[in-house]
Amino acid sequence: MQVGFIGLGHMGQHMARHVAEAGFDLAAYDLQADAIAQLVQTPRARRASSVAEAASSAEIVFTSLPGPPEVESVVGGPDGLLESMQPGSVYVDLSSNSPATVRKLSAAFAERGISMLDAPVAGGVTGAEAGTLSVMVGGNQATFERVRPVLSAIGTKLFYCGPSGNGAIVKLCNNLSSQAQIAAAGEILSLGVKAGVDLDILAKAIGASTGTCRAIVDIFPKQLFRRKFEEPGFSSILSAKDTHLAIELAHKLGVPMPIGEIVERDKQEALRRGWGPLSPDVFVRLQEERAGVVLETAKEPA
Ligand code: NAD
């Protein structure tokens, strides 16, 4: 089966490699020549010189792009996916996208006889590298079953979430959950430290008790506690994009999100401060400033 893959960044590079390694013939394209060069070292992966070349003979085309504007630009235009994909083929967007954008594009593809799935992923670069991602799929269920063998190459946890846009919704809810936990954990730890408890003891005790969350046991020990925000697999820019899309959805539906609004405010402030390329938990530094503490430990993560 011929597969096209567009977007070979932190996530796409690994996902495309797994698809080729699973035995599918893959034509890959990215704006960055280096990213293509790295991928085509994998047997069965070949270079495409444009979106159209990656897509025109493919039965399934994947995109893994930063967000809605990039997806819309790859889909539209004279050389875009809408023009170049064959009727009967399937377009799978692995990007974390806006549900409204996904639904609009899905309708446009349907008019051309092409089925579209929104299939954003979770599990980070580590999960992408290991091929163990969660994949949250929206769209036609029979189409999902048709592409399941390829999706199984990139993820071990496949979730059919309902009609078009539902995969995107589940992903935005997942990411807001993760960022809200980071905000809450940063706030709580700043209280304990300000009150005089050693950060290592505080984090260790809470991490092993009912107040635990992934931020405390996994993310902070590797990043925040070590002031190690550089060269992240997932940037604050992309994370702030996801938070913003979740809040935008809530506004549209009239769902009050007091906790989400606080996360949105701090993530936007982090971008204004130029922290966009840093890891998503960097926004806890705003709480550190407000509380007058630094959540830093010299100890190696366990
Ligand atoms: P990235 O910025 O590392 O990669 C994006 C790639 O898309 C880049 O290589 C870029 O050159 C390419 N690109 C951009 N515009 C293009 C165009 N017009 N044509 C061809 N290529 C183009 O991003 P990433 O971290 O790999 O994330 C990709 C998607 O997955 C995002 O939607 C992100 O929110 C989501 N995601 C990321 C992670 C993570 O941990 N990094 C985890 C889950 C989901």
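**Reading aromatic pairs and a ligand shell**

Analyst: In this predicted model, Phe144 counts as buried, because its relative accessibility of 2% falls under the 20% cut-off. Tyr160, by contrast, is partly exposed at 29%.

User: How many aromatic pairs does the structure hold, and how do I read the rings of Tyr91 and Phe109?

Analyst: Two rings pair if their centres lie within 6.5 Å, and planes that are neither under 30 degrees nor over 60 degrees apart count as tilted. The structure holds 4 such pairs. For Tyr91 and Phe109 the centres are 4.9 Å apart and the planes meet at 40°, so this pair is tilted. Tyr91 belongs to strand β5 and Phe109 to helix α6, so the pair ties together parts that are 18 residues apart in sequence. Tyr91 is buried at 0% relative accessible area, and Phe109 is buried at 0% as well.

User: Which class do the rings of Phe144 and Tyr160 fall into?

Analyst: Planes under 30 degrees apart count as stacked. The planes of Phe144 and Tyr160 stand at 20°, with ring centres 5.7 Å apart, so the pair is stacked. It links helix α8, which holds Phe144, to strand β9, which holds Tyr160, across 16 residues.

User: Which backbone atoms lie close to polar atoms of the ligand?

Analyst: A polar contact needs N or O atoms within 3.5 Å. A backbone N or O atom of Met11 is 2.8 Å from a ligand oxygen, one of Leu31 is 3.4 Å from a ligand nitrogen, and a polar backbone atom of Gly233 is 2.9 Å from a ligand nitrogen. The protein covers 88% of the 830 Å² of accessible area that the ligand has on its own.

Notes
Residues numbered from 1 in each chain as written. Predicted model: local features only at pLDDT ≥ 70, side-chain atom pairs only at ≥ 80, totals over all residues. Heavy atoms only, no water. Polar contact = N/O pair within 3.5 Å; in protein donor to acceptor, adjacent residues only side chain to side chain. Areas by Shrake-Rupley, 256 points an atom, 1.4 Å probe, with all protein chains shown as cover. Phe/Tyr/Trp six-rings, centres within 6.5 Å; stacked < 30°, edge-to-face > 60°. Helix = DSSP H or I, 4+ residues; strand = E, 2+ residues; numbered from the N terminus. Buried < 20%, exposed > 50% of the residue type's maximum accessible area, 1.4 Å probe, protein only.
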